[in-house]
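Hello,

Here is the structure we talked about, ready for you to open. My notes follow below it, so you can read and look side by side.

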Amino acid sequence: MSEAVRVPSPATPLVVAAAAPEERKGKESEREKLPPIVSAGAGATAGLDRGAKGQISTFSSFISAVSPKKEAAENRSSPAHLVFPNIKNVRDQPPICLDVRQKQRTSMDASSSEMKAPVLPEPIHPIQPKTVKDFQEDVEKVKSSGDWKAVHDFYLTTFDSFPELNAAFKKDATASFNTIEDSGINAKFVNAVYDTLLNTPQDIQKTNPQFNNTSTYVIYAHLLRQIATLVEADHHFLVHWFKKLSQKRFKQLVERLLQFISLRLFPAKPEEFPPVTKCSWWIPSAAKVLALLNTANNLVHPPLIPYTDFYNSTLDHIDLMEEYHTWQNFGNSHSRFSFCQYPFVISVAAKKIIIQRDSEQQMINIARQSLVDKVSRRQRPDMNMLFLNMKVRRTHLVSDSLDELTRKRADLKKKLKVTFVGEAGLDMGGLTKEWFLLLIRQIFHPDYGMFTYHKDSHCHWFSSFKCDNYSEFRLVGILMGLAVYNSITLDIRFPPCCYKKLLSPPIIPSDQNIPVGICSVTVDDLCQIMPELAHGLSELLSHEGNVEEDFYSTFQVFQEEFGIIKSYNLKPGGDKISVTNQNRKEYVQLYTDFLLNKSIYKQFAAFYYGFHSVCASNALMLLRPEEVEILVCGSPDLDMHALQRSTQYDGYAKTDLTIKYFWDVVLGFPLDLQKKLLHFTTGSDRVPVGGMADLNFKISKNETSTNCLPVAHTCFNQLCLPPYKSKKDLKQKLIIGISNSEGFGLE
């Protein structure tokens, strides 16, 4: 994940007993299987200890109480049972084998009475008060009697102490929590008790706070800090237990944490909270717990909730550039907290603002330097020096653009302005957009040979044909970078895998020998480009027969290049290695890696360097691959009502009958026709990050015959609409126009 870095250094389990070597080995091997957690980095704990008046016990005390009966049983069978207070050094202790324990017992028995340790009394464990069925029966009785005493008594008893909690909610009081697959908690019972509590009288709720209102936030904050400051091994368990939650429960946890952060930032009643100086650790604690939930969400396929559900829209209203500069200056250090350490809570709209302002600052710095250079050489300043001026011929669009961008490489971070040679006109944005649209259409044409269009997936992918010069792939990368830099939405159809590769790594490495654009890929990534091939590989993996005899394949693949079939070994001597049941997973992985990484490495590397030559910024580290795609191509989510509210009119008023007909028709269109309308009028069927309002969509009156079709000026997002006399006529003409426009519908 791009939004995350490593959690603090690994630590050992919460409580380690001197159990039998087999049990110890099992527990340690369980932890060795744990994948690394990527959440918030060292900066996650920034400010967690601020305002603390005393040492707060860790969650270890809770977990150690979770298994009291098992520990008691182990105490009886193993007198040398140890609980190490310093858990970081537990693994340095040698295991105590059975005969050593026996020698210890013998020596202790032989010692004098003065030397013997006092015998501790057997702990008394509460009996499980109720089952789920008992509790539900009590709740049903309340509905008829209105007497909450039995339920109230249950809450008072159960939440009185850790042993009572364990007795009520643990599946097996003697079981340990040494597995990531099962927390040992009776989730059904916990959910029943929680859901009932939400409907109890206020006096019961006050004794059992739900953390859904500000009056309980002080307690909530301390709970979050205890979770946030756990060692990494404990976080591993929590992450894997979190991912077992239902979607509803998981989303409730996320929403409550986001609300906690929002209300701490902008409290409705500031007097309800302690002074900020005394609770500066509140937000960092909540952000760290959110990072654990985000990690858990990413471990599940498909995720429990969309990544956008972690966005906190409140952050759109804070000083984002201050957060960004703090992060740039202090990184993920303990000294300063920044929301940029947890980019998954920052919306893509907010990230766009950060990128735009960072880009603007870079533009200003470059322009200022150009001005200073001119003055220092005693040359007359020219306004054109403040822009990236592109002069191209329509008949030589690709070659002229490539030459201009190569020659003006130092000006790429200036504001873009385009001039078509031999044409009068001032670029107010329309010519720039037209240049992008025409260039993209020409480069991505199948006859050009740079990209292959896959009809099954409706996307383009890099051609694997070898050539002497990959500069045109660099040009495409520069185009994408300029589009992001200048807030232009492009009609490009790359698969999500492309944007994952584009962020591998998000910053150009200083060592040119380090490969770029290489990322881990799976059959799922291949399915987004070549679904039929991916399906075939999936069938190979699931085949129950003899793979070697039935498929008769080797670790060699074939590709056609300019009519010539060429072979490539996936590994040394691959043409002589048969694919079998035992090595088929390796074959599929190598084949997928070959198609998406190795076979197009030079093409994609040129594309990567082109993009980053324009967008070289730490702000890219804040982005997910999906968010890069949205910045380049826009969002696929259409809101035609929002478009209606923001539309401007020229020659029409929004109360005119033709306009009313138009919106009645458009709002009644199915999604595919709505996308065609958007593509017809803007050159893309996607929406800018800022929403429909950022399109500046305009409907102009076209004083022509009502027999004519509508006309669009895509460079200005303008639709020219004749004054049709009936809704039926308007609908018919509009559908014909948007369904049969060629290319980008340029006028």
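How much area does the protein expose, and what share of it do carbon and sulfur atoms supply? The exposed area is about 38,100 Å², and carbon and sulfur atoms supply 54% of it.

Before going further, please keep in mind that this is a predicted model. The mean pLDDT is 80, and 80% of the residues reach 70 or more. Residues 1-116 have a pLDDT below 50, although the model gives this stretch 197 contacts beyond near neighbours in sequence. At residues 743-747 the pLDDT also stays under 50, and there the model has 19 contacts beyond four places in sequence.

Now the overall picture. The protein has 29 helices and ten strands. Of its 747 residues, 47% are buried. Among contacts with a separation of 6 or more, 73% are between residues 24 or more positions apart.

Next, the aromatic rings. The structure holds 42 aromatic pairs. One of them joins Tyr-324 and Trp-327, whose ring centres are 6.0 Å apart with 45 degrees between the planes, a tilted pair. Both residues belong to helix α14, where they are three residues apart, about one turn of the helix. Tyr-324 is buried, at 0% relative accessibility, and Trp-327 is buried too, at 10%. The pair of Phe-444 and Phe-451 counts as stacked, because the planes are at 15 degrees, with the ring centres 4.4 Å apart. Phe-444 has 8% relative accessibility and Phe-451 has 3%, so both count as buried.

Phe-444 and Phe-451 are also members of a cluster linked by ring pairs, which includes Trp-461, Phe-462, Tyr-470, Phe-473, Phe-494, Phe-604 and Phe-607 as well. While you are looking at Phe-604, find Lys-501: its charged end sits over the ring of Phe-604, 4.6 Å from the ring centre. A similar arrangement can be seen elsewhere, with the charged end of Arg-624 over the ring of Tyr-307, 4.4 Å from its centre.

Lys-501 leads on to Asn-597, since Lys-501 is one of the residues that Asn-597 contacts beyond four places in sequence. The others are Gly-517, Ile-518, Cys-519 and Val-521. Asn-597 is found in the loop between α23 (584-596) and α24 (601-615). Is Asn-597 buried or exposed? With a relative accessible area of 1%, Asn-597 is buried.

A few backbone details are worth a look as well. The peptide bond from His-301 to Pro-302 is cis, with omega near -5 degrees, and Pro-302 is in the loop between α13 (282-299) and α14 (320-330). The bond from Ser-504 to Pro-505 is also cis, again with omega near -5 degrees. Pro-505 is part of the loop that runs between α19 (496-502) and α20 (523-527).

Finally, two residues other than glycine have a positive phi. For Tyr-552, phi is near 50 degrees. Tyr-552 is in the loop between α22 (547-551) and β5 (556-561), and at 75% relative accessibility Tyr-552 counts as exposed. For Asn-696, phi is near 55 degrees. Asn-696 is in the loop between α28 (671-682) and β8 (698-701), and counts as partly exposed at 47% relative accessibility.

Happy exploring, and best wishes!

Notes:
Residues are numbered from 1 along each chain as its sequence is written. This is a predicted model: local features need pLDDT of at least 70, side-chain atom pairs count only at pLDDT 80 or more; totals for chains, interfaces and linings use all residues. Side-chain values use heavy atoms; hydrogens and water are left out. Helices (H or I, at least four residues) and strands (E, at least two) are DSSP runs, numbered from the N terminus. Buried means under 20% relative accessible area, exposed over 50%, partly exposed in between (1.4 Å probe, protein chains only). Contact means heavy atoms within 4.5 Å. pLDDT is the predictor's confidence in each residue, from 0 to 100. Accessible areas come from the Shrake-Rupley method with a 1.4 Å probe; for residues, only the protein chains shown count as cover. Rings of Phe, Tyr and Trp (its six-membered ring) pair if their centres lie within 6.5 Å; planes under 30 degrees apart count as stacked, over 60 as edge-to-face and the rest as tilted. A charge sits over a ring if NZ of Lys or CZ of Arg is within 6 Å of the ring centre and within 35 degrees of the ring normal.
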